[in-house]
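Got the viewer open and a selection box ready? Here is a short tour, one stop at a time.

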Amino acid sequence: MELAAGKLKFIEAWGKLGSEWGINRTMAQVHALLLISPEAITTEDIMEQLSISRGNTNMTVRDLIGWGLVEKQHKAGERKEYFFADKDVWNIARQVAKERKKRELEPVLKILSELSSVTGEEKDPEFKTFQKSVSDINKLAKSVDKTMEAMLKADQNWFLNSILKVFKP
């Protein structure tokens, strides 16, 4: 496979993977392009290489910057903005985990905390079932939160070795 075909395949695969993780396909494809670009590239470069509109490109790059996955750079004497993605996959994984925690897990934990204070008749089967379900989900969500916190603070080797220990017989 030639480099050009490999790049297209990678961009398409990263886009598909991103959409599986709940990230917009185009956002993942732009991120993939920036990952495999050795130098920072412009909006026009992104538009041309991915055949997407300026508006879509600008919105997508802004989202990637918001996720902390892409940086905007300026070159002396030029008006164009350049964009660059961190190439360290461990940093990328931690940043995605951090953002998903903030956007998804923390709001759920807040709601579960509020739901934990729902009152009712202790002998009512409906109340008991509700209370148990909320409590069980809250425990799971807190465990996930602790695991994500450990990942965010961990050194790559320590974290991967810890995960591998879980799977050893």
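Before the first stop, one cut-off to keep in mind: contact here means heavy atoms within 4.5 Å. Also remember that you're looking at a predicted model.

**Stop 1: the α5 and α6 pair**

Select residues 89-115, which are helix α5, and residues 125-153, which are helix α6. Their axes lie 9 Å apart, and the helices pack at an angle of about 155 degrees. Angles over 145 degrees count as roughly antiparallel, so that is the label for α5 against α6. The crossing itself is left-handed.

Now show side chains. On the α5 side, pick out Trp-90, Ala-93, Arg-94, Ala-97, Lys-98, Lys-101, Leu-105, Leu-109, Leu-112 and Leu-115. They meet a set in α6 that includes Phe-130, Val-134, Ile-137, Asn-138, Ala-141, Lys-142, Asp-145, Met-148 and Glu-149. Colour this contact by class and you get 15 nonpolar residues, one polar and six charged.

**Stop 2: the annotated span**

Next, select residues 22-77. The UniProt annotation, from an unreviewed entry, gives this stretch as "domain: HTH marR-type". The span is 57% helix and 12% strand, and its end C-alpha atoms lie 39 Å apart.

**Stop 3: α3 over α4**

Go to residues 43-50 for helix α3 and residues 54-66 for helix α4. Here the axes come within 9 Å and cross at roughly 115 degrees, in a right-handed crossing. From α3, the contact takes Thr-43, Glu-44, Ile-46 and Met-47, while α4 brings Arg-54, Thr-57, Asn-58 and Val-61. By class, that makes three nonpolar, three polar and two charged residues.

**Stop 4: the sheet**

Switch to cartoon view for the strands. What is the strand order in the open sheet? Reading across, you get β1-β3-β2, with antiparallel pairing. β1 (41-42) and β2 (70-74) are the edge strands, each with a single partner, so one side of each has no neighbour in the sheet.

Zoom in on β2 and β3 (residues 81-85), which pair over five bridges. Three pairs are handy to click through:

- Val-70, whose bridge partner in β3 is Ala-85
- Glu-71, which stands opposite Phe-84 in β3
- His-74, whose bridge partner in β3 is Glu-81

β2 and β3 form a hairpin with six residues between them. In that turn, check the phi of Gly-77: the value is positive, about 85 degrees.

For the other edge, look at β1 and β3, which run antiparallel and are joined by two bridges. Select Thr-42 and you'll find Tyr-82 of β3 opposite.

**Stop 5: the helix on the sheet**

Keep the strands visible and add residues 25-35, helix α2. Which strands does α2 touch as it packs on the sheet? The answer is β1, β2 and β3. The direction of α2 makes about 85 degrees with that of β3, so rotate until both are in view and compare.

Technical notes: Residues numbered from 1 in each chain as written. Predicted model: local features only at pLDDT ≥ 70, side-chain atom pairs only at ≥ 80, totals over all residues. Heavy atoms only, no water. UniProt positions renumbered as here; feature names shortened; annotations may be inferred. Helix = DSSP H or I, 4+ residues; strand = E, 2+ residues; numbered from the N terminus. Axes fitted to C-alpha atoms, helices over the stretch in contact; angles between N-to-C directions. Parallel < 35°, antiparallel > 145°, perpendicular 65-115°, else oblique. Left-handed = near helix turned anticlockwise from the far one by under 90°. Nonpolar A, V, L, I, M, F, W, Y, C, P; charged D, E, K, R; others polar. Pairing = 2+ DSSP bridges.
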